[in-house]
Amino acid sequence: MRATIQETPAHRLDVSLKRGAYGTHLMLITFVPTARNPEEQVKFQTTLSDTELRNFEKVLSAAVASATI
């Protein structure tokens, strides 16, 4: 699963989640179309266990719940 989190004319931030044999692989990927050599760059990646993924979900859910939309 991959989704764009934030996008402006100057940059794009995507998140990618892929289930694997050892957990869920999380990547934060940036793209700057105005760069000298525009290309996607992985800025952060890790593999999360099921427990870590649930904890991450709790943090994101709490942030969304407290946001004023």
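Salt bridges, strand pairing and the largest pocket

Modeller: The structure, a predicted model, holds five salt bridges.

Colleague: What makes the contact of Asp14 with Arg2 a salt bridge?

Modeller: The closest N and O atoms of Asp14 and Arg2 are 2.8 Å apart. The criterion is a side-chain nitrogen of Lys or Arg within 4 Å of a carboxyl oxygen of Asp or Glu, so the pair qualifies. Asp14 belongs to strand β2 (residues 12-20) and Arg2 to strand β1 (residues 2-7), so the salt bridge ties together parts that are 12 residues apart in sequence.

Colleague: Why is Asp14 called buried, and why is Arg2 called partly exposed?

Modeller: Asp14 has a relative accessibility of 4%. Buried means under 20%, so Asp14 counts as buried. For Arg2 the value is 43%; this lies between the 20% and 50% limits, and Arg2 therefore counts as partly exposed.

Colleague: How do you know that Arg2 and Glu40 meet in a salt bridge?

Modeller: The N to O distance between the side chains of Arg2 and Glu40 is 2.7 Å, which satisfies the requirement of lying within 4 Å. This pair links distant parts of the chain, 38 residues apart: Arg2 is in strand β1, and Glu40 is in the loop between β3 (23-31) and β4 (41-48). Glu40 has a relative accessible area of 41% and is therefore partly exposed.

Colleague: What joins Arg2, Arg12, Asp14 and Glu40 into one network?

Modeller: Asp14 also forms a salt bridge with Arg12, with the closest N and O atoms 3.2 Å apart. Salt bridges that share partners join Arg2, Arg12, Asp14 and Glu40 into one network.

Colleague: Why are β1 and β2 said to pair?

Modeller: Pairing requires at least two bridges between the strands. β1 and β2 have five bridges, in the antiparallel sense, so the condition is met. In one of these, Gln6 has Leu13 in β2 as its bridge partner. A hairpin through four residues joins β1 to β2.

Colleague: Which residues lie nearest the centre of the largest pocket, and how many residues line this pocket?

Modeller: The largest pocket is lined by 13 residues, and Ile5, Val15, Leu17, Phe56 and Leu60 lie nearest its centre. The elements that give two or more residues to this lining are β1, β2, β3 and α1 (50-66). The largest share, four residues, comes from α1. The volume of the largest pocket is about 310 Å³.

Colleague: How do the lining residues of the largest pocket divide by type?

Modeller: The lining of the largest pocket has 10 nonpolar residues, one polar residue and two charged residues.

Conventions: Residues are numbered from 1 along each chain as its sequence is written. This is a predicted model: local features need pLDDT of at least 70, side-chain atom pairs count only at pLDDT 80 or more; totals for chains, interfaces and linings use all residues. Side-chain values use heavy atoms; hydrogens and water are left out. Buried means under 20% relative accessible area, exposed over 50%, partly exposed in between (1.4 Å probe, protein chains only). On a 1 Å grid over the protein atoms alone, a cavity is a set of points where a 1.4 Å probe fits but cannot get out, and a pocket is an open set with protein on both sides within 12 Å along at least five of seven lines; lining residues have an atom within 4 Å of a point. Grid points are joined across faces, edges and corners, and a volume is the space filled by probe spheres set on the points. Ala, Val, Leu, Ile, Met, Phe, Trp, Tyr, Cys and Pro count as nonpolar, Asp, Glu, Lys and Arg as charged, and the others, Gly among them, as polar.
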